[in-house]
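User: I have a model open and want to go through a few spots in it. Can we start with the backbone and then move on to the pockets?

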Amino acid sequence: MIQADATRMTEKIATVLAGREPSLPARAGEALARWLELVAGWNAKVDLTAARNPDELADLMLADARLLSEHVPEGRRVVDVGTGAGAPGLPLALLRPDLDVTLVEPLQKRVAFLRTALGTLVQQGLLPKAPRVERARGEDLVRAGRSFEAAISRATLAPDAWLPLGAALTERAPAGRREVWVLLARDEPPAHPGWAPAIDLRYRWPLTGAERRAVRYLPDHQDRLTAP
């Protein structure tokens with residue numbers, strides 16, 4: 001069981017988010033701490049995360065979202081496929097309240113956690129704009145004709161399977177507003193016809209030192225020089 005008192009967890013959140021520009025939205029730090037507390041509590045009974053200690057939990061849940069929050073363009077409709085306990089989509093929504101975020105997860109127990117966590121944050125006044133939660137797979141949304149402008153997923157599918165699915169999820173988005181993020185640990189960035197990397201960011205999780213890579217893909221016809 002992951003154990004950390006509130007003060008220590010708040011310090012770890014501050015370490016992961018240190019140096020982020022712009023500064024945190026009002027009460028975002030408090031909301032993140034409450035969410036991580038709920039993750040740690042539920043994880044004793046429901047398989048939410050592989051994190052074994054507070055450092056791993058803070059890095060796993062927050063570090064990728066922190067990077068994405070500095071690069072996803074303003075006002076995008078974002079989908080996080082296979083979100084699990086809510087990462088990276090939920091902290092991204094807390095750090096960037098201008099985004100319209102949908103959390104997609106196929107497993108009912110994790111969906112139950114997400115709805116409970118979001119309800120708790122809303123009731124406590126920590127989440128002014130709650131992400132939507134849908135029990136589904138990414139392929140289900142494609143078949144239903146759903147449309148998003150930015151597609152994100154972490155470890156749900158192999159990178160070479162995620163990129164074409166992410167492209168399909170953004171197919172109906174307005175021209176110039178489509179992007180797919182591929183989050184990598186050891187894999188090399190995949191290739192997909194009609195898409196190419198626009199940003200390739202290498203970074204380390206601040207508490208555990210794990211090496212990470214985030215690649216933003218845009219359609220070939222989308223202008224990389226002017227895209228945010």
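User: Where does Pro88 lie?
Analyst: Pro88 lies in the loop between strand 1 (77–81) and helix 4; helices (H or I, at least four residues) and strands (E, at least two) are DSSP runs numbered from the N terminus. This is a predicted model, in which local features need pLDDT of at least 70 and side-chain atom pairs count only at pLDDT 80 or more, while totals for chains, interfaces and linings use all residues. Residues are numbered from 1 along each chain as its sequence is written, and side-chain values use heavy atoms, with hydrogens and water left out.

User: Is the peptide bond from Ala87 to Pro88 cis or trans?
Analyst: That bond, Ala87 to Pro88, is cis, with omega near 5°. Most peptide bonds are trans.

User: Which residue in the loop between helix 1 and helix 2 has a positive phi?
Analyst: Arg27, in the loop between helix 1 and helix 2, has phi near 65°. Arg27 is partly exposed, with a relative accessible area of 41%; buried means under 20%, exposed over 50% and partly exposed in between, with a 1.4 Å probe and protein chains only.

User: And Ala155, buried or exposed?
Analyst: Ala155 is exposed, at 72% relative accessibility. Ala155 sits in the loop between strand 4 (150–153) and helix 7 (159–169), and its phi is near 70°, a positive value in a residue other than glycine.

User: Switching to helix 2. How many residues does it have?
Analyst: Helix 2 (residues 28–43) has 16 residues. From first C-alpha to last it reaches 22 Å, close to the 22 Å expected, where the expected span is 1.5 Å times one less than the number of residues.

User: Which residues of helix 2 are buried?
Analyst: Ala28, Ala31, Leu32, Ala33, Trp35, Leu36, Leu38, Val39, Ala40 and Asn43 are buried there. What covers them includes helix 1 (6–17), helix 3, helix 4 (89–95) and helix 5 (108–123).

User: How many aromatic pairs does the structure hold?
Analyst: One. Trp42 and Phe113 form an edge-to-face pair, 5.3 Å centre to centre with 65° between the planes. Rings of Phe, Tyr and Trp (its six-membered ring) pair if their centres lie within 6.5 Å; planes under 30 degrees apart count as stacked, over 60 as edge-to-face and the rest as tilted.

User: What does the pair tie together?
Analyst: Trp42 lies in helix 2 and Phe113 in helix 5, so the pair ties together parts that are 71 residues apart in sequence. Trp42 is partly exposed at 26%, whereas Phe113 is buried at 0%.

User: Now the pockets. How much space lies in the largest pocket?
Analyst: About 420 Å³. Of its 24 lining residues, the closest to the centre are Gly82, Gly84, Arg110, Arg154 and Thr156. On a 1 Å grid over the protein atoms alone, a pocket is an open set of points where a 1.4 Å probe fits, with protein on both sides within 12 Å along at least five of seven lines; lining residues have an atom within 4 Å of a point. Volume is the space filled by probe spheres set on the points, which are joined across faces, edges and corners.

User: And the second largest pocket, what are the numbers of nonpolar, polar and charged residues in its lining?
Analyst: Five nonpolar, no polar and seven charged. Ala, Val, Leu, Ile, Met, Phe, Trp, Tyr, Cys and Pro count as nonpolar, Asp, Glu, Lys and Arg as charged, and the others, Gly among them, as polar. About 260 Å³ of space lies in this second largest pocket.

Conventions:
Contact = heavy atoms within 4.5 Å.
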